[in-house]
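Visitor: I should be grateful for a close look at a single part of this structure, namely its pockets. Please describe how they are lined and which parts of the chain contribute.

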Amino acid sequence: MNITEQSEKLRVHIAQHAKDFKLSWVQLGQGLYSVWRDKLYHAWGFEKFEDYVIRELGLKKPLALKLVKTYFFVEQDEPVYLKKEFAEVRETVNIPSYEGLDVLRLARGRKELNREDYTKLRKDIFEKGKDASIVRKELTAIIKERKKIDPEQAREDRHVQSVRRLMAALRSFKKDMETLKLAEPDIVEEAEELLKRLESQHSNDPQAH
């Protein structure tokens, strides 16, 4: 075997190892899901799931829970990912990582995304294996864009917040003046009258009181 053949063989092996590495989380996620679902950690002397993963596996709780949730998502929504044929027919670069699948899982429940948004996101992650950090940034940008409100609504929100702060200040002033006798009675009465008018004007706002 010449140097070229050896290098090509090594290249194939490395690609396969990388593919195996990307998929290696599945068995761990499946096992952790079974432990979490059936509370098997109790039988092993652990009170909580996090105690088991930290003390026996040396895993941080957030990572263990992410693996559990991502595996459950894949099992329920993308079972094709768990089939052997899925990896066999794809290039290594197009195999999605668990981080990418976790982004897809979180995106599924976002009300700001429409069907087209989710379909594109799924294609980027599930078919192209796009890096999770890039997709996460794109997802965040979409959500921020969808959450934008018009200028009129923004002005109204600022107005409401200003009135609430004024009402809170009046309540505090009225209480302090009545308790400490630091102001003339007519000033306190004026403050109370203004507060009543503001409360009446914003009586339909549950957060104004």
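Guide: In this predicted model, the lining of the second largest pocket divides into 6 nonpolar, 2 polar and 2 charged residues. The residues concerned are Phe-21, Lys-22, Ser-24, Trp-25, Leu-28, Leu-63, Leu-67, Ser-97, Tyr-98 and Glu-99. Two or more of these lining residues are given by each of helix 1, helix 2, helix 4 (61-77) and helix 6 (98-108). Of the charged members, Lys and Glu are the types represented, because Asp, Glu, Lys and Arg count as charged, and Lys-22 and Glu-99 are both in the lining. The volume of the second largest pocket is about 170 Å³.

The largest pocket has a volume of about 310 Å³. Its lining consists of 15 residues, and those nearest the centre of the largest pocket are Leu-23, Leu-82, Lys-83, Lys-84 and Ala-87. By character, the lining of the largest pocket comprises 6 nonpolar, 4 polar and 5 charged residues. Helix 1 (3-23), helix 2 (25-38) and helix 5 (84-88) each contribute at least two residues to this lining. Helix 1 provides the largest share, with 4 residues. Helix 1 and helix 2 thus appear in the account of the largest pocket and also in that of the second largest pocket.

Conventions
Residues are numbered from 1 along each chain as its sequence is written. This is a predicted model: local features need pLDDT of at least 70, side-chain atom pairs count only at pLDDT 80 or more; totals for chains, interfaces and linings use all residues. Side-chain values use heavy atoms; hydrogens and water are left out. On a 1 Å grid over the protein atoms alone, a cavity is a set of points where a 1.4 Å probe fits but cannot get out, and a pocket is an open set with protein on both sides within 12 Å along at least five of seven lines; lining residues have an atom within 4 Å of a point. Grid points are joined across faces, edges and corners, and a volume is the space filled by probe spheres set on the points.
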